[in-house]
Amino acid sequence: MKDPIGGTSRVGSRGRNLEDLRRQNLSTVLSLVHANRSMTRADLTHATGLNRSTVATIVTELESLDLVTVSQPVDTKRVGRPSTVIGPSPRHIAVAVHPDKDAISIGVVAMGGRVLREFRFDVERAPTAVHVVNTLQALVRGLELSEGGTVLGVGIGVPGLVGARDGVVRVAPHLDWHDEPLVQMVAKATGLPTWAANDATCAVVAEGQFGEGIDEDNVVYLNGGAGGIGGGVIVGGQLLSGENGYSGELGHMLVNSDGGLCHCGAVGCLETEVNRDDLLSVVGLGDAESSLLEQRLREAYGEEPAVTALVDRQLDFLGIALRNIVNIFNPGVIVLGGFLGAVRNATGDRLLDSVERAALAGPSSEVRIVSSTLDENVLIGAGELVFRTILRDPTSASVGSPTSAREPEQVAAS
Ligand SMILES: [Zn+2]
């Protein structure tokens, strides 16, 4: 029979089945350790339903692949033998990138969603794709020299539409990017496997894995940033991608048919009616002071009429969007990031009350609407794009550093 995978494997069907089972078990255990950040061997035995000696064998193999660390627990005062603690190894790392109109953020991310190091390069003007690639190329070379670990690949969270099949950024309006073959450019420049997705998509992946969406199968993330409002959706535990990877553009939901003209060409989109710049302006803050927005809104909302009127207007439109989200997706949790989280926190229960009143009773009865508490969720989610491969097949780590596989090439400066 023709081998559908190809290559030199000559394993018989029983061998193949055992080999598949071994990989599956490695994947299951590594995924659990990754998602939980650390687990005792007893907890792994319980969670997998495998017997103790099988779990011990799997853990030993993952340790030999440098994918987990094994440490003895401190005295737990529990009856019985103390169980060893398994954690994700920091030796396999992902380089995560988030280009935005005011900065290029790059993180060194380890399994378990840990950002080991973060670099922020402030920019005067929105960076070009070539600018991002060259910044990344210089940094990756430095990392390979300084970190000593294995760089598995590059994950990029882009504030725009990213093709799921080709990694081409169709449009990133606030960066003024059009049809940029970003994944191809980065892979060529760094010699590393590269993935890209919308930045809010990255964020919802991180929220689902490590943030407010843990233990939820239906999660919606809505981020309010400098450039607009992005969204990401997890349905039934699966990321909603759409036909081409473009789904989740919740910022372009119609909330006001008499509203302003959006850069997308439509009228009254959520991101034209609810925006950070108007909020900063009404409370007297500049662009660079957005971290003070929540505090200023807490002081001024309900006290200063101009602030209260603007915030109430934005809350009404945000409430319409959330009502639609609740009715359409029936999420367990809606996570608000960026300035949307600040507005929610500074205005008591007003937003929650309006959604509860307006949405259908069924889906609105269970939904939590919370602010994100996961810092760097875009970088963590971009790292997840990279870790997917090794979580699916941990034995792929044994091939060695992919950085050595291909010689990086220079990308011409613009
Ligand atoms: Zn729009």
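Two strands count as paired if DSSP finds at least two bridges between them. Keep that in mind for the views below, all taken from a predicted model.

**View 1. A small set of paired strands: β1, β3 and β2.**
Here 3 strands make an open sheet in the order β1-β3-β2, and their pairing is antiparallel. At the edges sit β1 (39-40) and β2 (68-71), each of which pairs on one side only. Look at where β1 meets β3 (residues 85-88): 2 bridges join these antiparallel strands. Threonine 40 stands opposite valine 85 in β3. There's a helix in this view as well: α3 (residues 52-64) lies across β2 and β3, and it runs at about 120° to β2.

**View 2. The whole chain, before we zoom in again.**
Step back for a moment and you'll find 14 helices and 16 strands in the chain. Of its 414 residues, 47% are buried. Now take the contacts in the chain with a separation of 6 or more: 64% of them are between residues 24 or more positions apart. The chain's accessible surface comes to about 19,800 Å², and carbon and sulfur atoms hold 49% of that.

**View 3. The five-strand sheet.**
This open sheet has 5 strands, in the order β6-β5-β4-β7-β11, with mixed pairing. Why is one side of β6 and of β11 left without a neighbour in the sheet? Both β6 (114-122) and β11 (194-198) stand at the edges with a single partner strand each, so there is no neighbour on the other side. On average, neighbouring strands of this sheet are turned by 20° against each other, direction ignored. One general point to keep in mind while you look: in a regular strand, side chains alternate between the two faces of the sheet.

**View 4. Strands β7 and β11, with helices across them.**
Follow β7 (residues 150-158) alongside β11: the two run parallel and are joined by 5 bridges. Valine 154 has threonine 194 as its bridge partner in β11. Helix α5 (residues 182-190) lies across β7 and β11, running at about 150° to β11. Another helix, α14 (residues 377-392), lies across β4 (92-99), β5 (103-110), β6, β7 and β11. Its direction is at about 140° to β4.

**View 5. The β9-β10 hairpin.**
Which two strands form this hairpin, with 4 residues between them? They're β9 and β10. Strand β9 (residues 169-172) and strand β10 (residues 177-180) run antiparallel, joined by 3 bridges. One partnership to pick out is valine 169 with glutamate 180 in β10. In the turn, check out aspartate 176, which has a positive phi of about 60°.

**View 6. Two residues of helix α4.**
Threonine 135 is found in helix α4 (residues 129-147). Is threonine 135 buried or exposed? Its relative accessibility is 14%, so threonine 135 counts as buried, because the cut-off for buried is under 20%. Leaving aside residues up to four places away in sequence, threonine 135 touches Ile104, Ile106 and Phe121. Alanine 138 lies in helix α4 too. With a relative accessible area of 53%, however, alanine 138 is exposed. Now find alanine 189: alanine 138 and alanine 189 are 51 residues apart in sequence, and their C-alpha atoms are 9.6 Å apart in space.

**View 7. The zinc site.**
Which residues coordinate the zinc ion? They are His252 (through ND1) and Cys262, Cys264 and Cys269 (each through SG), at 2.0 to 2.4 Å. Along the chain, the donors follow the spacing H-x9-C-x1-C-x4-C. The angles among the 4 donor atoms are 104 to 119°, and the site is tetrahedral. For four tetrahedral donors, the ideal angle is 109.5 degrees. Compare two of the cysteines: cysteine 264 is partly exposed at 41% relative accessibility, whereas cysteine 269 is buried at 2%.

**View 8. Helix α11, tucked inside.**
Helix α11 (residues 339-346) is largely enclosed by the rest of the structure, because 7 of its 8 residues are buried. The buried ones are Phe339, Leu340, Gly341, Ala342, Val343, Arg344 and Ala346. Just after α11 comes glycine 348, with a positive phi of about 60°.

Technical notes: Residues are numbered from 1 along each chain as its sequence is written. This is a predicted model: local features need pLDDT of at least 70, side-chain atom pairs count only at pLDDT 80 or more; totals for chains, interfaces and linings use all residues. Side-chain values use heavy atoms; hydrogens and water are left out. Buried means under 20% relative accessible area, exposed over 50%, partly exposed in between (1.4 Å probe, protein chains only). Contact means heavy atoms within 4.5 Å. Accessible areas come from the Shrake-Rupley method with a 1.4 Å probe; for residues, only the protein chains shown count as cover. Axes are lines fitted to C-alpha atoms, for helices over the stretch in contact, and angles run from 0 to 180 degrees between N-to-C directions. Donors are N, O and S atoms within 2.8 Å of the metal (3.2 Å for Na, K and Ca); water is not among the atoms, so sites may look incomplete. Four donors count as tetrahedral if all angles lie between 85 and 135 degrees; four count as square planar and six as octahedral if opposite donors are over 155 degrees apart and all others between 65 and 115; anything else is irregular.
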